[in-house]
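User: I have a model open and would like to understand the labels attached to its residues. Could you take me through the reasoning behind them?
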Amino acid sequence: MALKKKSSGGGGANWMDTYGDMVTLLLCFFVLLYSMSTISEDNWKAIVQSFNPSAVLDPDPTIVGTDGPSADPGEQGVAPAELQEQVDEDMESLLQQIQEFVQQQNLQDAITVSQDGGKIFVTFSQSVFFAGESSVILKEAYPVLDSVCDMLSGVAASLDEVRIQGHTARAGSGPNRVTVDRTLSSERATNVVMYIQQHSDVPPSCLVSEGFGEWRPVAPNDTSENRAKNRRVEMIISGRDIEAEMEEQGGIQQYIVMTA
């Protein structure tokens, strides 16, 4: 009697074929990922057009600013260099406006204006804004503050920061009372900041107040004239740094794809 050879079946072979296909697909997937990680501009354009043949890639794309805490709606499509040029022009214009205002109002003895490192420094003597030992803004100071607010509003889009610093003078031979000294200088700076926020278009996020008390004098506290110099409010105005802002926001968009 002839014996029939028992068939072993094809299950093992089918399983191996499926496994081989899966490995091949994974290899192709990772090769594709690697090729995309080192893609060139020409390859990128080819990929875009393969998915959308009607897409048009701008050979000389316009640099577009991204929306962010320091980006204005009107800045879309403007090159960073042009924005920075506008900021610099606005800061120079602001400096001239403040200087002209001081001269026209004959306030040279009460207000000094200078510029250093791209920042504008304006120093107001105590008599401009406050009475002695008081943090309440004098009514006579409103016209000065209103003019400053108008000038700041005119260049609000170019401002990075408006920092108000309050200073006092040492009244006696020893240090002032800490609570009185620090509170007075801080309240004066804060009251000026609040007035600017309420009467100008400067973004509130740009406004900063600081109180230094007697500890940053500009003259010895040995005479009444020198103490008057130390009792002051300083305003430090900084313009925007467009390049630094764009770096913080992730860089400049490199490609613009316009679909029909």
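Analyst: Gladly! Let's begin with surface patches: a nonpolar patch is made of residues with over 30% relative accessible area and no salt bridge, whose nonpolar side chains are joined within 5 Å. Please keep in mind that this is a predicted model.

User: Which residues form a nonpolar patch on the surface, and how much accessible area do they have together?
Analyst: The patch consists of Y19, M22, V23, L26, F29, F30 and L33, and together they have about 680 Å² of accessible area. One of these residues, V23, sits in helix α1, which spans residues 11-37.

User: Why does V23 count as partly exposed?
Analyst: Partly exposed covers the range between 20% and 50% relative accessible area. V23 has 38% relative accessibility, so it counts as partly exposed.

User: Thanks! How many aromatic pairs are there, and what makes F124 and F129 a tilted pair?
Analyst: The count comes to three aromatic pairs. For F124 and F129, the ring centres are 4.8 Å apart and the planes are at 35 degrees. Rings pair if their centres lie within 6.5 Å, and planes that are neither under 30 degrees nor over 60 count as tilted; the F124 and F129 pair is therefore tilted. Both F124 and F129 are buried, and with F130 they form one aromatic cluster.

User: Why are Y142 and Y195 called stacked?
Analyst: Their planes are at 20 degrees and their ring centres 5.5 Å apart. Stacked requires planes under 30 degrees apart, so the Y142 and Y195 pair is stacked. Y142 belongs to helix α5 (residues 142-154) and Y195 to helix α6 (residues 178-199), so this pair ties together parts that are 53 residues apart in sequence.

User: Are Y142 and Y195 buried or partly exposed?
Analyst: Y142 has 33% relative accessibility and so counts as partly exposed. Y195, at 10%, counts as buried, because buried means under 20%.

User: What else is found in helix α5?
Analyst: L145 is in helix α5, and at 0% relative accessibility L145 counts as buried. L145 and V128 are 17 residues apart in sequence, with their C-alpha atoms 9.7 Å apart in space.

User: How many disulfides does the structure hold, and how do you know whether C149 and C206 are buried or exposed?
Analyst: The structure holds zero disulfides; a disulfide would need a pair of cysteine sulfur atoms within 2.5 Å. C149 has a relative accessible area of 0% and is buried. C206 has 8%, and C206 is buried too.

User: How many salt bridges are there, and what makes R163 and E210 one of them?
Analyst: There are five salt bridges. In R163 and E210 the closest N and O atoms are 2.6 Å apart, and the cut-off is 4 Å, so the two form a salt bridge. R163 is in strand β4 (residues 159-167) and E210 in strand β5 (residues 207-213), so the pair ties together parts that are 47 residues apart in sequence. E210 is partly exposed, with a relative accessible area of 24%.

User: Why speak of a network around E161, R163 and E210?
Analyst: R163 also forms a salt bridge with E161, where the closest N and O atoms are 2.9 Å apart. Salt bridges link E161, R163 and E210 in a network.

User: What about R232: where is it, and is it buried or exposed?
Analyst: R232 is in strand β6, residues 232-239. With a relative accessible area of 4%, R232 is buried, and so is E234. R232 and E234 form a salt bridge, the closest N and O atoms being 3.1 Å apart. Their side chains also make a polar contact, at 3.1 Å. In addition, a polar atom of the R232 side chain lies 3.0 Å from the backbone oxygen of N230.

User: One last topic: what makes the phi of N106 and of E133 worth pointing out?
Analyst: Most residues other than glycine have a negative phi. N106 is not a glycine, yet its phi is positive, about 55 degrees. E133 has a positive phi as well, near 60 degrees. N106 lies in the loop between α3 (80-104) and β2 (111-116), and E133 in the loop between α4 (126-129) and α5.

User: Why do N106 and E133 count as exposed?
Analyst: Exposed means over 50% relative accessible area. N106 has 62% and is therefore exposed; E133 has 61%, so E133 is exposed too.

How values were computed:
Residues are numbered from 1 along each chain as its sequence is written. This is a predicted model: local features need pLDDT of at least 70, side-chain atom pairs count only at pLDDT 80 or more; totals for chains, interfaces and linings use all residues. Side-chain values use heavy atoms; hydrogens and water are left out. Patches are made of residues with over 30% relative accessible area and no salt bridge: like charges are joined within 9 Å, nonpolar side chains (Val, Leu, Ile, Met, Phe, Trp, Tyr) within 5 Å. Accessible areas come from the Shrake-Rupley method with a 1.4 Å probe; for residues, only the protein chains shown count as cover. A salt bridge is a side-chain nitrogen of Lys or Arg within 4 Å of a carboxyl oxygen of Asp or Glu. Helices (H or I, at least four residues) and strands (E, at least two) are DSSP runs, numbered from the N terminus. Buried means under 20% relative accessible area, exposed over 50%, partly exposed in between (1.4 Å probe, protein chains only). Rings of Phe, Tyr and Trp (its six-membered ring) pair if their centres lie within 6.5 Å; planes under 30 degrees apart count as stacked, over 60 as edge-to-face and the rest as tilted. A polar contact is a pair of N or O atoms within 3.5 Å; within protein, one must be able to donate a hydrogen and the other to accept it, and residues adjacent in sequence count only if both atoms are side-chain atoms.
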